[in-house]
Amino acid sequence: MSSGPVQRTWAPPGFQVGPAVRPARAADLPELAGTFRQLRYFTERIARQPRLGILFVAHAGNRLAGTAFLRMQAAEEWELRQRLRGVPILSNVQVAPDLRRQGVGSAIMRAAEGYARARGRAYIALGVTATNAAARRLYAKRGYAEWEFGEVNAMVVEYGTDGGRRFSTERCLIMVKPLGCVRSPQRRRTSQRQTA
């Protein structure tokens, strides 16, 4: 059932316009599971925040519109741990199908970027499959650029209805955005080392 498009109206400075985004709470689990399935994934993410990262939820009106996870701890992929040390990774960005192209994804990304920036992080990164042209365009519009190291094997965890987990990898392009903080990223090129 659709509640219609996300309404955009004028509001005085400091007032919320568009989707409201906040960290998820345990009370959000039924709606998250009903909208996006993956109950175990969401349960684990909420239980491990803020230590591991933050699961963001976006609401448009009185319904769940989208979600994404911002990992603040070291990435699971060695390429990211090595080359983007200390850079938070945004993943699992999902928007309800009938609310796509209405600013929900951008609102979630703004919230995640603001969260990382407020904690002194100079960059934020995300992975996207090379075939997902629409997402790549959105990320580029938001200031993300592909890194120079090519695709990586990103860790994928699928949760079965039996409660088990299945691990696999998916080839992803990594896109990085500077957040305007003073601190520079601790990036390393493994093929080039500076010598004194």
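Start by selecting Met109: in this predicted model, Met109 is buried, with a relative accessible area of 0%. You'll find Met109 in helix 4. Skip residues up to four places away in sequence, and Met109 touches Leu90, Leu126, Leu138, Tyr139, Arg142 and Tyr144. Now draw a distance to Val93: the C-alpha atoms of Met109 and Val93 are 8.5 Å apart, with their positions 16 residues apart along the chain.

**Zoom out for the layout**

Switch to cartoon and colour by element. The protein has 5 helices and 8 strands, and from the N terminus on they run β-α-α-β-β-α-β-α-β-α-β-β-β. Of the 196 residues, 41% count as buried. If you like contact maps, take the contacts with a separation of 6 or more: residues 24 or more positions apart account for 67% of them.

**Into the largest pocket**

Next, bring up the surface. The largest pocket has a volume of about 1,500 Å³. To centre your view there, select Ser91, Asn92, Val93, Gly127 and Tyr139, which are the closest to the pocket centre among the 46 lining residues. Val93 and Tyr139 should ring a bell: Val93 was your distance partner for Met109, and Tyr139 is one of the residues Met109 touches.

Which elements give two or more residues to the lining? Highlight helix 2 (39–47), helix 4 (104–118) and helix 5 (133–141), then add strand 3 (63–71), strand 4 (89–95), strand 5 (123–128), strand 7 (152–159) and strand 8 (165–178). Strand 4 gives the most, with 7 residues. Colour the lining by class and you get 26 nonpolar, 11 polar and 9 charged residues.

**Helix 2 and what surrounds it**

Stay with helix 2 and show its side chains. Its buried residues are Tyr41, Phe42, Glu44, Arg45 and Ile46. They pack against helix 1 (29–36), strand 2 (53–60), strand 3, strand 4, strand 7 and strand 8.

Two of these residues take you to the rings. The structure holds 4 aromatic pairs. Tyr41 and Phe42 make one of them, with ring centres 5.2 Å apart and planes at 70°, so the pair is edge-to-face. How accessible are the two partners? Tyr41 has 7% relative accessibility and counts as buried, while Phe42, at 0%, counts as buried too.

For another pair, jump to Trp147 and Phe149: these rings are also edge-to-face, at 4.9 Å centre to centre with 80° between the planes. Trp147 and Phe149 are both buried.

**Charges over rings**

Back to helix 2 for Arg45, one of its buried residues. Show Phe69 alongside: Arg45 lies over the face of that ring, at 4.9 Å from the ring centre. Then select Arg119 and Tyr115, where Arg119 lies over the face of Tyr115 at 3.5 Å from the ring centre.

**Last stop: a loop**

Finish at Ala130, in the loop between strand 5 and helix 5. Is Ala130 buried or partly exposed? Its relative accessible area is 34%, so Ala130 is partly exposed. Leave aside neighbours within four places in sequence, and Ala130 is in contact with Arg136, Glu151 and Leu173. Pick Leu173 for a closing distance: its C-alpha atom and that of Ala130 are separated by 6.2 Å, though the two residues are 43 apart along the chain.

Key: Residues are numbered from 1 along each chain as its sequence is written. Side-chain values use heavy atoms; hydrogens and water are left out. Rings of Phe, Tyr and Trp (its six-membered ring) pair if their centres lie within 6.5 Å; planes under 30 degrees apart count as stacked, over 60 as edge-to-face and the rest as tilted. Buried means under 20% relative accessible area, exposed over 50%, partly exposed in between (1.4 Å probe, protein chains only). A charge sits over a ring if NZ of Lys or CZ of Arg is within 6 Å of the ring centre and within 35 degrees of the ring normal. On a 1 Å grid over the protein atoms alone, a cavity is a set of points where a 1.4 Å probe fits but cannot get out, and a pocket is an open set with protein on both sides within 12 Å along at least five of seven lines; lining residues have an atom within 4 Å of a point. Grid points are joined across faces, edges and corners, and a volume is the space filled by probe spheres set on the points. Helices (H or I, at least four residues) and strands (E, at least two) are DSSP runs, numbered from the N terminus. Ala, Val, Leu, Ile, Met, Phe, Trp, Tyr, Cys and Pro count as nonpolar, Asp, Glu, Lys and Arg as charged, and the others, Gly among them, as polar. Contact means heavy atoms within 4.5 Å.
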